[in-house]
Amino acid sequence: MSNLDKILRRRLEKIREELDSYIDARLVITERKLSETSPERVPEEKKKGSVQDKFLRYMKMCDDSEDEYDDDYLDEAEPKKSVSSDAHRQSTAYVQSSPSAGVPAGSVRVPDYLMKKEKHPDIDKVLEKKEESFSEMLLRMIDEKGLKDSDVYKRANIDRRLFSKIRGDKDYVPSKKTAISFCLALQLEMDEAKKLLTAAGYALSASSRFDLIIMYLIENCEYNIHFANIVLDDYGEGTLSR
């Protein structure tokens, strides 16, 4: 074991207890929020016997009217069927006689107001409001901090070819671990780190042990990528580097 590993291990032992309490506290808060349910509704008091009385009255009405039904009932229903048939024939005749050029007989004519296209916002104007991409924000932060590209991707333990892809393609979307590695390499504060991750489409969640460890490291200015890998591996969360 190298001297660097020994130093990092000693630091890990010092912060393990504090990190455990940090993770437990955040997870408890998150689990409590997820387990919260809406208060149970208090059932309304009903008058005793009201439902039963209504049901019995309904059954009695059915028994009384059952004797009134005979064969004439079917005959009485016939006019209703004929009325509906007449209505159907009239509607069919209307459709067939609709004065619409190019509309086949028997098809339904679409009203003119439905044929008008709704106005949509200008997509170009919407795209003009597009914010910085991950690549653009990363390169801007490197320049603002006065760092060299080589210093950043070495600190992040990122391959030079991968960094060249990110630099050459402004719409390149890295993995979450790669984005976090750049946050550590740039030694960003929590707000800055969240902005850079958001630009790549990611976020840090208090419901994830992996994310909680990253949040702890950033809040405590533990930016060494090798130390971060040791801490993550110690908690069974893998590593940022391959």
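Helices in this description are DSSP runs of at least four residues, numbered from the N terminus. With that in hand, we can begin our walk through the structure, which is a predicted model.

Let's start with the overall picture. The protein has twelve helices and zero strands, so following the chain from the N terminus means passing through one α element after another, as the helix numbering shows. Of its 242 residues, 26% count as buried. The protein exposes about 18500 Å², and carbon and sulfur atoms supply 51% of that area. The chain also brings together parts that are far apart in sequence: among contacts between residues at least 6 apart, 67% join residues at least 24 apart.

Now look at helix α9, residues 176–185. Eight of its ten residues are buried, so the rest of the structure largely encloses this helix. The buried ones are Thr-178, Ala-179, Ile-180, Ser-181, Phe-182, Cys-183, Leu-184 and Ala-185. What do they pack against? Their partners are α6 (134–144), α7 (149–155), α8 (160–168), α10 (190–199), α11 (209–219) and α12 (225–234). After α9 comes Gln-187, which has a positive phi, near 55°.

One residue of this helix, Phe-182, deserves a pause. Leaving out residues up to four places away in sequence, Phe-182 touches Phe-134, Leu-138, Val-152, Tyr-153, Ala-156, Ile-158, Phe-163, Ile-166 and Leu-196. Some of these partners are aromatic too, and the structure holds four aromatic pairs. In one of them, the ring centres of Phe-163 and Phe-182 are 6.1 Å apart and the planes meet at 50°; that angle is neither under 30 degrees nor over 60, so the pair counts as tilted. This pair links distant parts of the chain, with Phe-163 in helix α8 and Phe-182 in helix α9, 19 residues apart. Both residues are buried. Ring pairs also join Phe-134, Tyr-153, Phe-163 and Phe-182 into a cluster.

Next, consider the nonpolar interior. In soluble globular proteins, nonpolar side chains tend to be buried together. Here, the largest nonpolar core has 49 residues, and those touching the most other members are Leu-138, Phe-182, Leu-196, Val-231 and Leu-240. The elements giving two or more residues to this core are α1 (3–35), α6, α7, α8, α9, α10, α11 and α12. The largest share, eight residues, comes from α11.

Leu-240 takes us to the segment after α12. Is Leu-240 buried or exposed? Its relative accessible area is 8%, under the 20% cut-off, so Leu-240 is buried. Although Leu-240 and Ile-180 are 60 residues apart in sequence, their C-alpha atoms are 7.9 Å apart in space. Beyond its neighbours within four places in sequence, Leu-240 is in contact with ten residues' worth of listed partners, including Lys-177, Ile-180, Ser-181 and Leu-184, along with Phe-210 and Leu-232.Another buried residue sits in a loop: Glu-222 lies between α11 and α12. With a relative accessible area of 14%, Glu-222 counts as buried. Leaving aside neighbours within four places in sequence, Glu-222 is in contact with Arg-11, Leu-184, Leu-217 and Phe-227.

Finally, a word on cysteines. Cys-183 is buried at 1% relative accessibility, whereas Cys-221 is exposed at 52%. How many disulfides does a search of the whole structure find? The search finds zero.

Notes. Residues numbered from 1 in each chain as written. Predicted model: local features only at pLDDT ≥ 70, side-chain atom pairs only at ≥ 80, totals over all residues. Heavy atoms only, no water. Buried < 20%, exposed > 50% of the residue type's maximum accessible area, 1.4 Å probe, protein only. Contact = heavy atoms within 4.5 Å. Disulfide = S-S within 2.5 Å. Core = buried A, V, L, I, M, F, W, Y, C linked by side-chain atoms within 4.5 Å. Areas by Shrake-Rupley, 256 points an atom, 1.4 Å probe, with all protein chains shown as cover. Phe/Tyr/Trp six-rings, centres within 6.5 Å; stacked < 30°, edge-to-face > 60°.
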